[in-house]
Structure formats: structure tokens, C-alpha cells
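Here is a structure that I have not met before, and I would like to go through it by question and answer. Please give the reasoning before each value or name.

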Amino acid sequence: MSFLAKYMGQRVKRTEDPRLIQGIGHYVDDIKLADTLHVVILRSQYAHARINSIDTSAAKAAPGVVAVYTGEDVAGKVGNVPCAGALPGLKVPKMPVLAQGKVFFVGHPVAAVVATDKYKARDAADLIEVDYDPLDVVSDGEAAAKPDSPVIHEDLGDNIAFQHSAGSGDVDAAFAAADRIVTQRLNHQRLAPISIEPRGVLAQYFRGEEQLNLWSSTQIPHLLRTQVAIMLGMAENKLRVITPEVGGGFGCKLNVYAEEALLGWIAMKVGKPVKWIEGRRENLQCTIHGRSQVGTVEVAVKNDGTLLGLKYNVTADLGAYHQLLTPAIPTLTGLMLAGCYKIPAIQMNCTGVFTNKMATDAYRGAGRPEATYLVERIMDRVAQELNMDPIELRQKNFIQANEFPYTTACGVTYDSGDYEAALAKAMELVDYKKLREEQSAARAAGRVMGIGVSTYVEICGMGPSGAMPAGGWESATVRVEPTGKVTVLTGISPHGQGEETSFAQIVGDMLGIDMNDVLVIHGDTSIVQYGIGTFGSRGLAVGGAALVCATEKVVKKAKALAAHLLGTGADSLSFENGKFVGAPDDRTLTIQEVALAAHTAASIPEDFEPGLSAQHFFEPKNFTYPSGTHICVVELDKDTGDIDIKRYVAVDDCGNQINPLIVQGQVHGGIAQGLAQALYEEVVYDENGQLITGELMDYAVPKAFQVPHYELDHAVTPTPVNPLGAKGVGEAGTIGSTPSIANAVLDALAPFGVQHIDLPLRPEKLWRAMNS
Amino acid sequence: MKINVTINGQAHEADVEPRLLLVHLIRDVVGLTGTHVGCETSICGACTVHLNGRAVKSCTVLAVQANGAEVTTIEGLANNGQLHAVQEGFWECHGLQCGYCTPGMIMASCALLKDNPNPSEGEIRHGLEGNLCRCTGYQNIVESVKYAANKLQGA
Amino acid sequence: MIPANFDYHTPKTVAEAIGLLAEHGEDCKVLAGGHSLIPAMKLRLTQIPVLVDIGRISDLSHIKVDGSTIRIGAMTTHGAIAASADIKQHCPLLAECGAQVGDQQVRNRGTFGGSLVHADPAADWPAAALALNAELVLQSASGERVVKASDFFVDMLTTDVQPGELLTEIRIPVPAQPMASAYLKVPQAASGFAIVGVAVQLEMDGSTCKAVGIGITGLAPKAYRATAVEAALAGTTLDDATLSAAAAKADADASDAMGDIHASEDYRRHLTRVYAKRAVQTAAGRV
Ligand SMILES: Cc1cc2nc3c(=O)[nH]c(=O)nc-3n(C[C@H](O)[C@H](O)[C@H](O)COP(=O)(O)OP(=O)(O)OC[C@H]3O[C@@H](n4cnc5c(N)ncnc54)[C@H](O)[C@@H]3O)c2cc1C
Ligand code: FES
Ligand code: FES
């Protein structure tokens, strides 16, 4: 097959946008069903407490209230919130959808009020009286692992959920052979994903048909369907999960939450549609958090900068329960501890612990930002100790372009890459040499200037099924309708990534048709074949690959019919820009003509199934490993600690780009989130487990003026892992940016004898570092 | 309490509790769901509409305070199917991803351009300080507003 | 997100409003722009049985320059003050301060009077009101009284306004000779409120500082007048050494220092000194 890339590789405007810029798309809360009842959830204000009693009588008697449910009502009726992460010896506490007997974190759901409108439901929630006995709170991850810590889940013995080791190579020998050992303790602070649309669920039950419809703001409609069906004890195919527009996910909607099953159950109980829309306060309390690892990294190096080995001992503060992938996230860190470098021996020891906080889980990058941050930070520490330029140190240890595929000591095989190429481009863009000269001059003049580099590689395009908790393949159906319009059903569930556009570009080019004739449908389990969903930067790399394969099958099938209709053999035909050509009499057939013929089926070959559609389930052989270089230039105000970002340059390599406009958007957004981690954001609980950053008045999601102008460029090393040659790009910006900013600030502080400061780099910390 | 509010040029009469928020009047009573809710502390700006021609956060206005007022929501911005220059800018410059912040962002951008038709990049960034976007990293939003400023000035 | 129920009144005149306040006493609160009250009600941090919405009283929203006084109606929005040509001409400090309150949406609703009565320790206006020697006009069933800004702020979220009283107008003396001013603010990263805000109104006589008013917000539970700095600057030429020495006293008048995850007490005190100096320098640079 050959085609003109009319759409692929172009900055095509998104087809999603017209409805969104006019406010006529539909997010969950925009879907209005007649007679809908509204659910408000009463949540624990205590981080750890015994529930002595719950008095719901006043609430039940309040105007408009239809029902009030507590843990007792759902016990034995609704299954526990599932955890798909599997590790040897993993302790999994049972997590009922409403608290039973005890609460374990601030925001823990205690009761659900169902009323005719949300105002009345909210009023009634105030009338529920819960008698609590506060218990000792476990607020610190490292303390939680100690034998004298109060135990959160008494039936599990202690707070240690798992011990996980990763890596290979002779670490002891590496450290014995080292000229130097550089050690750094690092905190990866807890973050909140903060999709601007909070979560929301609408459930409707059809009693006669025994069908439950569940609209949820999720990234994984099919996995959610399977899990909620299990929780509710119903047939999976009687549950229809629909994800309408989803207002951002960043991993926080890659989950199965208590409310999703609870609303389904309530809809069945009350016989009317029920809706629950999360408030922002709830969102900060009980939608998953990310990161939250604290540990020590040690590297063994030769005096010439050669890396010999790396050790990382870390405690992951998991929160009170496992959500879907909680224990799996730190294991991803363990896969990427080599970074872009040849490190022969690597060892990670991770202890996952329970604390009285919300669960951590996948937040943009999920485990890899931790790896990249610690590797890139320690690279700068090593450069500092060896008095080497940080770039020279990186270059010295880079995996070279001709060494791919490259298997690291973490056991993963990088698909392709050219780290030098991206680095060279970035250095040229910022004029690195000149910058260092400017820095010397600035320092001489008493100014505090820093240059930070991060050369990252990450693992995404999740992923081979063997390495995934619930399948890593993806599905696509391509159906050419009788009129020649093409319907694509994809198993991914985009929520801002723009695959309605990029998938139409692919199909448009491959079938040689107008991309506007392609409709991409996703996020409805009754329409779309099973799929895995959108996360781990897999939409294009895996879902797009499935689409390519399905489209090829369609072409192949169409070709058989075209050959029949043109009275020739399929081998003599070729499909070029939407037409079957090569018939001996020069007749041609368009794909649309063939589609019509396939449906009328008046003249078809004997073994030809009428219709023109094909399905493909694509199983990737490997992950993809996008990489790149980010360089950040900062200047600090010595009197206040304020940071001024002078330049931000990112050269990313995500392989082939189907839509560079969308790629650019993904990188921009990713950088902003990584920058937010570096400078602003932190979920803070106090020693009583109270959430100090419980609202956006305290949790600092950056605004437009708090982020810099980004200068982007690209390197392109296609991946051999999928037919598009595309690597995921959804998380790369986040992963690459945090360390470049941290390194820039710490480079600025080097003359003050500062080696490291934990994130977020709030001005106060920097001021102290410069003035102590 | 009985109130009259004109929304996108159409008069609406409603009998509401005084505590009803304007955003809920718009979304739940009138049924225009393009105006979104993203927080409860008036920070995110997803709920931004124009009240008598000025940008406000409709989650922080009581419906009764808008009695007698003119409200424009995102649905009322396009004119006879013709996109407003700001809407066009967001489309052209990829100023949105998930689209949830977008209606508020567009309404705030329109108001910004009304007060300052030719803003600098810094003025755009500061002018949109009442609106959060988690997806775009803002750069393409800034480009979108510049696009609209150029277009409006040219027109 | 959802406030508790309340009774709602929309007086058309100040007299009517005062009558309602007298009638409902402790049970009732004035609703001005609602940009402090409504968020608190939505989170149910406060539940108020009766709200008296003064937004429909037309003569509470005005900016008038009357000889030696600027008179600003309590319901005048932050945005209206920031955009007012009269204010920019006669009292640029107010315009500069108003433009830094919240964001454009907040400035279109929130009011000068509401901010002053609310007395949030991180609010911007109190600093300007103090620096400018503003006078606040309070009306109630028992008549009218005028309170100086320096007597107005009592404590965190507490002012001299008594139950039944309505702030109707803020009066700012218009200086006989041109003044130079500045409002500098360190915004809290998430909320945008002031970690520290310093308002300076400077009267120069040639190269000598004749008089200076400095109001500081953010540091203490209530905004305060930096009298120690003012005293140290008056009569000097504002040379760097004098400025530094004076600014070192910027936290001297603070009743206490606040600290939180965004800025500790120490750091706030430090920023107060740094910004006091910068604000005076900025104002001096505008002479
Ligand atoms: C997102 C956001 C960001 C903000 N950022 C800032 C900021 O950066 N800096 C800043 O200074 N402020 C900020 N604010 C607060 C804002 O300026 C408020 O508008 C102001 O504090 C209160 O004014 P209001 O008119 O809205 O008063 P309301 O909320 O209506 O009332 C506040 C209080 O004052 C009383 N009151 C109001 N008017 C009178 C009167 N005339 N007589 C007697 N009592 C009265 C009320 O009863 C109530 O107790 C922000 C607010 C929001 C929502
Ligand atoms: S919903 Fe109104 S500002 Fe967030
Ligand atoms: S586009 Fe998703 S929040 Fe702005």
C-alpha cells in the first residue's frame, strides 16, 4: 500500500474543537436525565478514627431526601474497591465503598445522601451525626514503617504493604570499585493531579432490561465496566459505561473509585437516575494523589565521570488504601533508574507503606518522573563533585545511537534513541557555551544565575500485556459504511489528546479519503469493542497502531472485492490514494465504490463476507522510550528568593509525529505540570493527617503568568515497536522538565555551597539557602 | 424569589431560592451547560460569563444578584453560526485540549481584549490570572488571544 | 459549593438598608460584591440567616473628586477604581492597588468597602487606605460616624464596624501638591492574596521627603501603618543607607507575624522589610 501523506505529519486543526469552543460538548454533569436524583457524600474530617455510631434520622427526614446510605447498607452488597497491582507478598486492605467501622483518611466516604436536588442533598448531609473516636494518626511514610508506629489496618499486622527490589548487576562490586560515591536524599513530594473537571458519575438503571448505564469521567471505560460489574455482582455485558467529554485526567481517572460502584448500586436501589459530581475539596481529599516517595540515591563513579552503579533505597507513602495501581507505580520507577546512561549495576529497594492519607496512584508520568528526577539530580551532584560540566558528564555516559536496542540493568530494552542529537539541538538553541560565559559574568557581578539540563528517557506506550496488570494491547475497528463514510471505533479513551483528529488523519491518508469523512468513536462500551484506555502515553503508540493494522485489513479486504469486480487478481492491483489501480483494462475503483459494492453484495467472490469492516487488537512487543533534552535558565532574586525563568528550551524525541500541533500541545502542558512540581505544588498534610492544601487557594496550580514561554524543537528517531514509528508524548514533558528546573535553580545556588533542596522550590527555601 | 435574567439575548423568568448560584441558574435552570464548574473557591474561572458586559465568575454571584441583568455565556458568543474571533483563535492555535477550562478561558479572553485590544504577552498572561488550565501549559492560549487581537484589530 | 439558605433583602436606599440592619441585628450581614462572603458561604464556613444586598443602592457606587477630598462609594468595585481616570490622576496609589486585587473577574464584583470591612489580613486595600489616611463613613440607625483608617482595623477579620452599621463611603484626602506613590505586592502562589503588600504615599519637598504614609498588609493579623519607617524617612533625602535603616523597621509596628506553608513568620518579616524599601524606592523614582 502506498499513500500520500496529506494529513499525517501536518499541523491539522482539531475536529474536537468546534463543539468545545462553543460550549456545546457534553461532560458528565452536562448530561441531564429526567427525574435525576443527586448524591452528596459525607466524608470523614478525621484522618483516623473509629466510628461509634451514625445517626441519619434527621437527614432522612429532611425535605427532598430519598435515601441515606452508610457502610452498613452496602456491606455484602457492593464489593470492595479493586487493586490490580500485584507484587509478591502485597498486602491489600479491604476498601469498602463506604467506611465500615473506621475511617482512614480525611475525605473517607462515610455516608451518601440521595435527594431530589443537590442543594437539598447538601443540606441533609449537615444533619447526619457521626460519633467518632479519634485514633492515633500515621502521617509520615518513613515513621509508618517503624515497629513503634500505630498500625492502620490492624488485620494486616503492620503498615508495610510491600517490599520491592529491582535492578541487576553487581552493585557491591561497582561501589567497591568506585573512586567516589555520591549520595543524595531526595523527596518526591505528594502532588494532586487536578484535572479542571473533577470526577463525576451519572447512573441509570433499566429494570426490565436489567441494564445499568454508567456515565463516568474516566480514562478506562472498559476496565471500569469489568470492575464495577464485579463489585455489583452483575453481568459485565449488562453494564454500559459511557465516557462523554472528559475534562482532563492526567492519571487520576485511570482508576476505579468507590463512587462509581456506589452510584450504580444506588441507581438500582432507588430506580431513578442518580448523579454525583465531585467538588474541588473532595477532589483534593479523595481523588488519587501522585509521587510521594522519599529516599536516598547513591552512585558509584570513576573520577573521569564513568558511572559504575546506582542504588536507590526508597519509601513510598501509599496512603491508606490501594487504588487500582497504587503499588505498581513505584515499580515503574525501578524500570527507569538507568536514565539515558550506561550504568552496569543498579539496585532499588522500595518499601511501600500505609499512612492516613489519600492513596497515591498514577499521576502524569507515574513513577517515571521520580526516576528521571533522581537520576538527573544525582548526575548534577556528581558533576558538581567532579567539577565537570554536567553536559560533559551526561555525554560521557550516554547510550549511543548505534547501541539500540539497549537493555539496561533495570531489565528493560530501550527501543531506539539518539540522545546526543536532541542534546546537541538543545545546546545550539540556547547557545550553551555562551550561556555559561554569561553565567560567569553574572556571578562576577553578584547576580545569581543558573543553567539546568535534563536529558531524559522514559518508558511509555503501555505496553506489552505481559508487563501490564490488565492487558496492554489496544483495539480498533474500521468500518467503511455504504456511503463511503468511515467509522472508527477505538478502545482508547481520549480526554484532550485529540485522537478524534489524529486517528482521522491516519485513516484519511491510508484510505485516501477526506479526513472529515472519518468519525472516531470512543468511550462507550456498548458501541466500542473492548479496549484498555488512555494512559501511559499509549493512545497513539498502541491505539494508533491497532488502527493502522485494522485499516490495512480493510484495504486488503477491499482489494479482494475490487479484484473480483475488476476481473483481475488481487496481486495485480495496488491501492493508491484511495483507488485500486493496475487492472489490465485500466479501470479503477475507489474505496467508496468498493464499500458500496461490499454492502449491496450483488457481486462478491465466493468466500467474501459482505460489508467492509475490520478489527484489530494490537499487542505491542515492547514499550516505547521517548527521550529528549530540556534546558532551563533561571535567575534568582537574592533578597527574596524569587525565581525568574529566563529561557526554557525543550527538544523532545517522540519518534514520528502524526500531528505536530497536538504534539506541541502535549509537550507544553507536560512542561507546565513538571514545572509545577518543581516550583509550586505540594499536597501538605499536617501531623494530624489534616489536609492543609485542601483547596485551590492553597494548592498552587500555576496560572498563565507563573509559567514561562517554552521554546521547542524536536529530534526524530522512529520506534520499531509499532507501524507508525511513533512514541508516546503525553508524559514526556512532565518527566523531562522537573529536573531541568531543579537543576537550574541548584546550579544558581552552587556558589552558596548548596547541594540540594527538596521540591517545590518555594522562594523562601531559596532565600534561606542564599542567606544562611 | 422571582427573577428576570436575560441570557444570550433571551429573557428568562425563574422563581429561585436566594442562595441559588448564577452558574446553577445558567446550567440547571436554563440548561446552558457550556459554563463549567471547576472549584468552589472562585479560583479556576471555568464558570466565567459576562454580566452586563463584564467578566465575572458565575459561581460567585447569586442568581438573585443578576436579577434584571444581561448575561452572555459561551453559547451566546458566536453570531449566527459565525465564531467569535477568540473562539476562532483557540481553534486555530490549539488553545484547548480537554476543553473544560475553555469556555471560561474564552469569556475571560474576550473581556481582556475589550479592555486592552492589543495586549502584550505579559498582559495576556496576567490578564488571564483568574483562569486555570491544566492541559495546555498556557502558551497556545496566549497565542490564541494574540490571534484574536490581530483579527479584531484588522477588522 | 452550595450555601445554606438565607433570607434576602434588596434595599434601594441607604436608609432602607440601615433599617434592615437594625431590624435583624446579629442575624444579618451586608452583601456587597460577595467575593469574600459567597465563597465562605459555599464552603459553609459561615451561615448567615439574613443577607442585605446593598448592590441595588445606586448612590453607594461613585467616585467623586470634591476639592480636597476624593469620595468613593463603598460599593465601588476594585476594577472601577483601578480604571478611573480621576483616580489615576488624583490618587494613582489607589489605581495601582486596585489593579492588583484578585483577577479581572474578582475586580468586576468585589468592592472597596467590602474588602475594608472584611479586613482579610492578606487583603490589599487596607494597606492603601492606611497609607492614604483614608476616612471611613459609617451610617447606622443612630446616625453617622467617621473613622480613621488607622483606627478601623482591629484584628484579623475584625474592624470597628458595629452591628447595624453600614460603611457608605471612603474619603481620601487629595494632597495639595503632587505625591508619588507605589503599591508592591508579593502574591501567594495559589490564591493571589498578599503574602506581603506595601503601599507608599510620598510627599517630597525638592529632594527631601516631607511626609510619607506607609501601609502594610499580609504580615500581621491586621494591616498596619509602618510608623517607625515613616518617622525614619521624614526629613531625609531617602538615600540608600537611610532607606535600608528605615526599612529594617518595617515590621516594628506589626501586632504579630503570621506564617503558613507559603511563607513562614520570619520570611514574611524579611519580605516586609525588603518590600518596604523597594516600595519607597519605587515611589521615589516616580517623583
Ligand atoms: C478568587 C479571589 C481572589 C481574591 N484575591 C484578592 C486579592 O488578591 N486581594 C484582595 O485584597 N482581595 C482579594 N479577594 C477578595 C475580594 O477583594 C473581595 O471582593 C473583598 O475582600 C470583599 O469585598 P466584597 O465586596 O466582595 O464583600 P462581600 O464579600 O460582599 O462582604 C465581605 C464582608 O464585608 C461586609 N460588608 C461588605 N460591604 C459592607 C459595607 N458597605 N458595610 C458594612 N459591611 C460590609 C459583609 O457583610 C461581609 O462580612 C479575592 C477574592 C476572590 C474570590
Ligand atoms: S467554578 Fe467559578 S471560579 Fe471555579
Ligand atoms: S484545556 Fe483542559 S483544562 Fe484547559
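The turns below go through strands, interfaces and some single residues.

Me: Before the details, what kind of model is this, and how are residues and chains labelled?
Reply: Residues are numbered from 1 along each chain as its sequence is written, chains are lettered from A and ligands numbered from 1 in the order in which they are written, and side-chain values use heavy atoms, with hydrogens and water left out. Local features need pLDDT of at least 70 and side-chain atom pairs count only at pLDDT 80 or more, while totals for chains, interfaces and linings use all residues, since this is a predicted model.

Me: In the open sheet of chain A, which strands stand at the edges?
Reply: Strands here are DSSP runs of E with at least two residues, helices are runs of H or I with at least four, and both are numbered from the N terminus; two strands pair if DSSP finds at least two bridges between them. The open sheet has seven strands in the order β3-β5-β1-β12-β9-β10-β11 (chain A), with mixed pairing. Each edge strand has a single partner strand, so one side of it is left without a neighbour in the sheet, and the strands in that position are β3 (65-70) and β11 (239-242) of chain A.

Me: Which residue of β12(A) is the bridge partner of A:A203?
Reply: Strand β9 (residues 200-206) and strand β12 (residues 274-277) of chain A run antiparallel and are joined by four bridges. Within that pairing, the partner of A:A203 in β12(A) is A:V274.

Me: In chain B, which residues make up the uncovered face of strand β1?
Reply: β1(B) covers residues 2-7 and pairs in the antiparallel sense, over six bridges, with strand β2 (residues 10-15) of chain B. The two strands form a hairpin with two residues between them, where B:N8 in the turn has a positive phi of about 50°. The covered face of β1(B) holds B:I3, B:V5 and B:I7, and the uncovered one holds B:K2, B:N4 and B:T6.

Me: Which residue of β5(B) is the bridge partner of B:I7?
Reply: β1(B) is also joined by two bridges to strand β5 (residues 70-72) of chain B, and these two strands run parallel. In β5(B), the residue that partners B:I7 is B:V71.

Me: How many salt bridges does the rule find across the interface of chain A and chain B?
Reply: Contact, which means heavy atoms within 4.5 Å, takes in 56 residues from chain A and 46 residues from chain B. The two chains bury about 4,600 Å² between them, 56% of it on carbon and sulfur atoms, where buried area is the accessible area (1.4 Å probe) that two parts lose on being put together, summed over both. A salt bridge needs a side-chain nitrogen of Lys or Arg within 4 Å of a carboxyl oxygen of Asp or Glu, and one example joins B:D28 to A:K118, with the closest N and O atoms 2.7 Å apart. Across this interface the rule finds seven.

Me: Which residue of chain A meets the side chain of C:R44 in a salt bridge?
Reply: The contact between chain C and chain A takes 23 residues from chain C and 27 residues from chain A, and the area buried is about 2,000 Å², of which carbon and sulfur atoms give 53%. The rule finds four salt bridges across this interface. In one of them, at 2.6 Å from N to O, the partner of C:R44 is A:D123.

Me: Is A:L749 buried or exposed?
Reply: A:L749 lies in helix α19 (residues 732-749) of chain A, and, leaving aside residues up to four places away in sequence, touches A:L636, A:V754, A:I757, A:L766, A:A769 and A:M770. Buried means under 20% relative accessible area, exposed over 50% and partly exposed in between (1.4 Å probe, protein chains only). With a relative accessible area of 0%, A:L749 is buried.

Me: What is the relative accessible area of A:N387?
Reply: Most residues other than glycine have a negative phi, whereas phi of A:N387 is near 60°, a positive value. A:N387 lies in the loop between α11 (368-386) and α12 of chain A. This residue counts as exposed, and its relative accessible area is 72%.
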